[in-house]
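This report is meant for a reader who is meeting the structure below for the first time. It begins with one residue and its surroundings, and then widens the view to the core, the sheet and the whole chain.

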Amino acid sequence: MTDSIWITRSNTRGLFNAASEGSQGPTSPAGTLWAVGTTADLPSLEFKTWLELIEPGSAINGPPNSVGLDFVVQLVDEQIYLDLRFTSWGEGSSSGGGFSYVRSTAAIPEPATGSIALVALLAISARRGRPTRQL
């Protein structure tokens, strides 16, 4: 997802952040919080750890039941919110820990008008400073 968030899982169990964790722990995947819903509902979402949201006994009652549901994952340090939907979840050690998902990409902020003007001015200045070629 980012340089510091690498979502993966082992042959069994749930998700963890391979960039900072060797296996699933109680707050895995480290650096993330999760909510059921989409970023369109961001102000009303309640974020929890992935395990709190998904564990057996919760409303979702285990990772296989997460397939097809909409989630928002917050990348805490970056303050990035992504829409995510699991499309598969392998069960048992024979699945090799397989899972798949689709997600949105983080919005790229629009550059400020002043920044655009500065880049344009620099480009014009650089072009004027080039020597002309005689034929």
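## Phe-86 and its surroundings

In this predicted model, Phe-86 is in contact, once its neighbours within four places in sequence are left aside, with Leu-15, Trp-34, Trp-50, Ser-66, Val-67, Gly-68, Leu-69, Phe-71, Phe-99, Ser-100 and Tyr-101.

## The nonpolar core

Phe-86 also belongs to the largest nonpolar core, which has 17 residues, and it is listed there together with Leu-15, Trp-34, Trp-50 and Phe-71 as the residues with the most contacts inside that core. The elements that each give two or more residues to this core are helix 1 (50-54), strand 4 (70-75) and strand 5 (80-89). As a general background, nonpolar side chains in soluble globular proteins tend to be buried together.

## The four-stranded sheet

Strand 4 and strand 5 are also part of an open sheet of four strands, in which the order is 3-4-5-6 and the pairing is antiparallel. Because strand 3 (32-36) and strand 6 (99-103) stand at the edges and each have a single partner strand, one side of each is left without a neighbour in the sheet. On average, and with direction ignored, neighbouring strands of this sheet are turned by 35° against each other.

Between strand 4 and strand 5, the antiparallel pairing extends over six bridges, and Val-72 stands opposite Asp-83 in strand 5. In general, the strands of a sheet pair through backbone hydrogen bonds, in either a parallel or an antiparallel sense.

## Gln-74 in strand 4

Is Gln-74, a residue of strand 4, buried or exposed? Its relative accessible area is 8%, and since buried means under 20%, Gln-74 counts as buried. Leaving aside neighbours within four places in sequence, Gln-74 is in contact with Gly-31, Thr-32, Leu-33, Phe-47, Gln-79, Ile-80 and Tyr-81.

## The chain as a whole

The secondary structure of the chain comes to two helices and six strands, and read from the N terminus on, these elements run β-β-β-α-β-β-β-α.

Of the 135 residues in the chain, 29% count as buried, while the chain exposes about 8600 Å², of which carbon and sulfur atoms supply 54%. Among the contacts in the chain with a separation of 6 or more, 42% are accounted for by residues 24 or more positions apart.

Terms used. Residues numbered from 1 in each chain as written. Predicted model: local features only at pLDDT ≥ 70, side-chain atom pairs only at ≥ 80, totals over all residues. Heavy atoms only, no water. Core = buried A, V, L, I, M, F, W, Y, C linked by side-chain atoms within 4.5 Å. Buried < 20%, exposed > 50% of the residue type's maximum accessible area, 1.4 Å probe, protein only. Contact = heavy atoms within 4.5 Å. Pairing = 2+ DSSP bridges. Axes fitted to C-alpha atoms, helices over the stretch in contact; angles between N-to-C directions. Areas by Shrake-Rupley, 256 points an atom, 1.4 Å probe, with all protein chains shown as cover.
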